[in-house]
Amino acid sequence: MREQLEKLFNPKSIAAIGASDRQGSVGYVLIRNLLSGSYAGKVYPVNIRHSTVHGRDAFSSIDKIPETVDLAIIAIPAESVPEVVDQCGKAGVQAAVILSAGFVEVGREGSKRFDKIKKIASKYNMRILGPNCMGFINPLLGLNATFLNQKVLPGKIVFLSQSGALGGSILDWAAEQNVGFSHFVSVGAMMNIGFHDLIDYFGTDSHTSSILIYMESLPEARRFMSAARGFSRNKPIILLKSGKSQEGAQATFSHTGTLAGNDAAFSAAFHRAGVVRVNTVAQLFHCAQALAMQPRPENNRLAIITNAGGPGVLATDFLIQQKGRLARLSRETINKLSTVLSVDWSKHNPVDIMGDASAEQYGKALSIVLEDRGVDGVLVIFAPQGISNPVDVAKAIGKISHNSRKPILATWMGEKEVWAARDILESEKVPNYRYPEAAIEVFLYMCSYTLNLQLLHETPGEIPHRFSPDKAEVQRIIDQALGEGRDSLSGEEVRAVLTAFEIPVEESFPAPFETGVGAMNPGKRYELIIGATKDPVFGPIILFGLGGVAMEVFQDRNVGLPPLNMALAMRLIEETKIFQLLKGYKGASGIDLASIQFLLYKFAYLVVDFPEITEIEMNPIAVDEHGGKVLNARLHIEKPLFNKRRQPNAHLVISPYPAQYTRKVKLKNGQTALLRPIRPEDEPMEAQMFTLFSKETVYFRFFGYVPHVTHELLTRFTQIDYDREMAIIAEIQDDPKSPRQMAGVVRLVGDAWNENAEYAIVVADPWQGQGLGGKMTDYILEIAREREIRKVYGSVLSNNEGMIRIFHQKGFSFRQEGYDAYYVELDLEKK
């Protein structure tokens with residue numbers, strides 16, 4: 001796939017099929033754009049009727065071109081496209097763009113054409129952008145492979161748009177705002193190139209610093225989630241989603257379905273993947289610009305420096321309204337400011353430095369405020385008042401921003417009088433806005449990105465005690481109900497299901513299902529709801545919030561995606577209003593939050609393990625300082641649309657822990673090692689394993705020395721996407737009372753398309769020479785074959801005799817790599 005995408009976006013030769021001299025046609029604009037830019041590759045016009053187009057020799061078909069071109073761009077009537085795509089495949093073309101419309105958007109006949117082309121593309125292993133798209137632009141190559149007329153500036157933003165027309169309008173706006181791009185891509189109907197493929201491709205592109213997406217629908221949610229989670233740690237993914245689905249808007253027969261809704265599922269998914277979701281086109285680009293120019297804030301405490309009271313007050317009001325926090329300045333900061341500002345300054349945040357403040361005072365005030373530990377970012381507001389020079393102030397702010405570890409945003413109010421100052425701020429990489437509200441929105445989106453990354457890097461705690469659900473009993477109950485033609489379970493059956501998953505339940509449930517069983521009783525207990533429903537895009541989604549009769553009034557709830565660990569369960573709880581009461585408020589004792597976390601954890605695995613569940617609602621759940629108990633519940637089921645045994649997790653968009661990959665092996669010294677997939681909770685154990693490494697072991701594994709084993713490094717190793725990567729650890733525990741130890745870890749890191757995977761292994765020094773490395777290698781290669789990975793490769797130092805011996809034993813081929821290392825490779829398709 002990468003090879004095809006490389007030929008698509010960086011082609012050395014292009015066939016323009018449908019190129020025309022007829023003004024006003026798509027073929028005319030396309031060939032004009034291809035030839036009028038600075039693109040240095042070859043362009044071949046293809047026209048069935050004319051021998052020349054735009055003064056160049058034209059070919060009647062692609063097979064007449066004297067070389068195999070990298071890219072075919074097709075702009076012909078839809079009826080002729082299948083035949084032409086087949087010709088492209090026979091000619092060896094691996095990438096194509098179909099600009100033509102007339103496919104799925106026009107009904108049955110168009111859908112048939114779409115499916116036919118997709119089969120042809122699969123036959124020739126060809127990747128197609130579109131159909132019904134506007135193409136793409138690569139400004140760095142001077143390549144405009146669209147029928148748009150807009151000028152696009154080079155930059156480091158890639159913009160992926162599901163709407164061609166909107167994309168064109170945004171490009172026009174971006175040029176006016178001096179926003180540059182590494183690429184613009186109109187995705188069209190996404191025949192076999194989806195958002196996930198593009199995130200994977202541009203996520204490794206050195207010319208791209210952030211990925212912007214305009215999305216209307218998401219056909220392959222699991223692959224999108226995998227790609228987004230993989231790259232959002234390093235490159236901001238900022239997304240504007242339109243079109244709240246009809247499915248999500250329609251009320252269903254339970255509270256959970258009604259409250260969750262499809263758009264809430266999108267927000268929960270983006271949050272889980274580390275994606276920043278914005279609401280307007282302007283925010284899309286403002287966020288990308290700010291994250292590219294400024295460091296991320298650690299939290300949401302904003303300081304405001306202004307020379308006018310009114311804008312400062314308005315900015316404060318908007319900040320609080322949007323759930324931000326006004327930074328509380330320390331006494332030390334206030335005293336320092338008093339030494340450099342006039343006696344009339346505000347003495348608090350917002351820092352009103354008065355209308356006659358000089359550029360020097362602006363600069364000193366900014367430096368002092370940035371030093372305050374209670375400040376996460378600063379908004380500098382300048383309102384022209386005929387005294388201070390806006391350009392001088394902008395220069396002072398820009399100079400300080402160079403060395404700041406906290407974000408600085410600016411609002412220079414007005415128009416002509418501050419134009420030059422805005423240009424200076426831009427050149428100094430200080431994001432600037434006409435109004436303070438826009439700056440605050442961007443600051444809070446930057447905070448959201450920081451929070452998302454913290455979530456991705458958070459190490460979950462261990463579960464309170466061992467959790468061993470009786471899955472066989474649950475399966476028996478569900479199978480019996482389905483066999484009787486029922487789509488719901490009785491109250492007693494629901495109780496039995498919850499009991500099998502160790503969820504505390506009342507001795508009997510009221511019938512019929514009621515949510516008003518007991519009201520909220522402050523001082524003694526609270527009533528919560530935990531539910532799940534199947535979203536048409538994301539599969540099971542989990543809802544947590546205030547339950548009982550109060551639920552309808554306050555509608556306080558949060559939505560997340562399974563599976564959950566203890567940390568994710570806590571985030572689901574924390575982001576509700578009821579959390580303030582649950583943890584204890586104004587002297588009142590809180591509830592047993594750990595037990596509610598664990599209940600969510602167990603509930604999430606219930607919906608993970610049983611795709612038959614269409615809706616389940618536990619409401620109310622009575623909770624107090626001793627834990628929680630389900631007072632009533634309902635559960636609806638259906639027969640899965642897939643083979644549960646072959647694809648047990650096909651209903652999920654996030655791969656759960658692959659517990660099936662567990663095996664015990666004997667070492668030469670008689671010890672037993674448990675081989676199992678790594679978990680996020682294993683971070684402390686892996687950190688301890690690092691302390692057992694000799695310098696030689698570290699050098700052999702990392703080809704150098706690792707000076708500091710950081711939390712960020714360990715989260716990269718322990719928090720993996722099981723769809724793309726597999727890490728098998730060797731866990732050793734001499735007896736039940738002794739601590740568990742990680743003796744080694746072997747991993748395969750696959751490419752985005754799971755075609756090739758890189759191998760790596762390390763065994764801690766106390767267990768070297770015990771045959772563990774060979775057994776772990778055998779197991780990981782067995783898993784690779786099961787996953788249909790074609791090739792496993794790696795690198796090994798030439799003096800690492802133990803690993804070289806293992807590679808020879810397993811049938812790897814060797815190639816010299818530099819003077820002190822080998823590149824090794826194993827073709828699994830030959831085994």
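This is a dialogue on how to read some features of a predicted model.

Biologist: Before looking at any part, what is the mean pLDDT of the protein chain?

Modeller: The mean is 91, and 96% of the residues reach 70 or more. Over residues 247-261, however, the pLDDT is below 50, although this stretch has 36 contacts in the model beyond near neighbours in sequence. Residues 517-522 also stay under 50, with 14 contacts beyond four places in sequence.

Biologist: How should I treat such stretches?

Modeller: Where pLDDT is low, the predicted coordinates should not be read in detail.

Biologist: Let us take a helix. What span should helix α15 have, and what distance separates its end C-alpha atoms?

Modeller: The general idea is a fixed rise of 1.5 Å a residue. Helix α15 has 12 residues, 390-401, so it should span 16 Å; the end C-alpha atoms are 16 Å apart, which agrees.

Biologist: How many residues of α15 are buried?

Modeller: A residue counts as buried under 20% relative accessible area. In α15, 9 of the 12 residues are buried, so the helix is largely enclosed by the rest of the structure. Among them are P390, V391, V393 and A394 near the start of the list, and I400 and S401 at its end.

Biologist: Which elements do these buried residues pack against?

Modeller: They pack against the helices α14 and α16 and the strands β18 and β19.

Biologist: Which residue caps the N-terminal end of α15?

Modeller: N389 does, with a side-chain oxygen 2.8 Å from the backbone nitrogen of V391.

Biologist: Now sheets. In what order do the strands of the 5-stranded open sheet stand?

Modeller: The order is β2-β1-β5-β6-β7, and the pairing is parallel. β2 and β7 stand at the edges with a single partner strand each, so one side of each is left without a neighbour in the sheet. From one strand to the next, the twist averages 20°.

Biologist: How many bridges pair β1 with β2?

Modeller: There are 5 bridges between them, in the parallel sense. As an example of residues facing each other, A15 stands opposite Y44 in β2.

Biologist: Which strands do helices α1 and α3 lie across?

Modeller: Helix α1, residues 2-9, lies across β5, β6 and β7, running at about 55° to β6. Helix α3, residues 81-90, lies across β1, β5, β6 and β7, and runs at about 170° to β5.

Biologist: What is the strand order in the open sheet of 8 strands?

Modeller: That sheet runs β27-β28-β29-β30-β31-β32-β34-β33, with mixed pairing. Its edges are β27 and β33; each has a single partner strand, so one side of each is left without a neighbour in the sheet. The twist averages 25° from one strand to the next.

Biologist: How does β33 pair with β34?

Modeller: The two strands run antiparallel and are joined by 4 bridges. Q816 has Y822 in β34 as its bridge partner. Helix α28, residues 801-810, lies across β31, β32, β33 and β34, at about 155° to β32.

Biologist: Is strand β26 largely enclosed or open, and what supports that?

Modeller: In β26, residues 633-637, 4 of the 5 residues are buried, so the strand is largely enclosed by the rest of the structure. β26 pairs with β24 in the antiparallel sense over 5 bridges, and I613 stands opposite I637 in β26.

Biologist: Is H636 buried or exposed?

Modeller: H636, found in strand β26, is buried, with a relative accessible area of 12%. Its side chain makes a polar contact of 3.3 Å with the side chain of R634.

Biologist: What can a loop residue such as A752 touch?

Modeller: A752 sits in the loop between β30 and β31 and is partly exposed, at 23% relative accessible area. Leaving aside residues up to four places away in sequence, A752 touches D200 and R724. The C-alpha atoms of A752 and G230 are 9.4 Å apart, though 522 residues separate the two along the chain.

Biologist: Finally, backbone angles. Which peptide bonds are cis?

Modeller: One joins N349 and P350, with omega about 5°; P350 lies in the loop between α13 and β17. Another runs from N619 to P620, with omega near 5°, and P620 is in strand β24.

Biologist: What is the phi of N754?

Modeller: N754 has a positive phi of about 55° although it is not a glycine. N754 lies in the loop between β30 and β31 and counts as partly exposed, at 22% relative accessibility.

Key:
Residues are numbered from 1 along each chain as its sequence is written. This is a predicted model: local features need pLDDT of at least 70, side-chain atom pairs count only at pLDDT 80 or more; totals for chains, interfaces and linings use all residues. Side-chain values use heavy atoms; hydrogens and water are left out. The expected span of a helix is 1.5 Å times one less than its number of residues. Buried means under 20% relative accessible area, exposed over 50%, partly exposed in between (1.4 Å probe, protein chains only). Contact means heavy atoms within 4.5 Å. A polar contact is a pair of N or O atoms within 3.5 Å; within protein, one must be able to donate a hydrogen and the other to accept it, and residues adjacent in sequence count only if both atoms are side-chain atoms. Two strands pair if DSSP finds at least two bridges between them. Axes are lines fitted to C-alpha atoms, for helices over the stretch in contact, and angles run from 0 to 180 degrees between N-to-C directions. pLDDT is the predictor's confidence in each residue, from 0 to 100.
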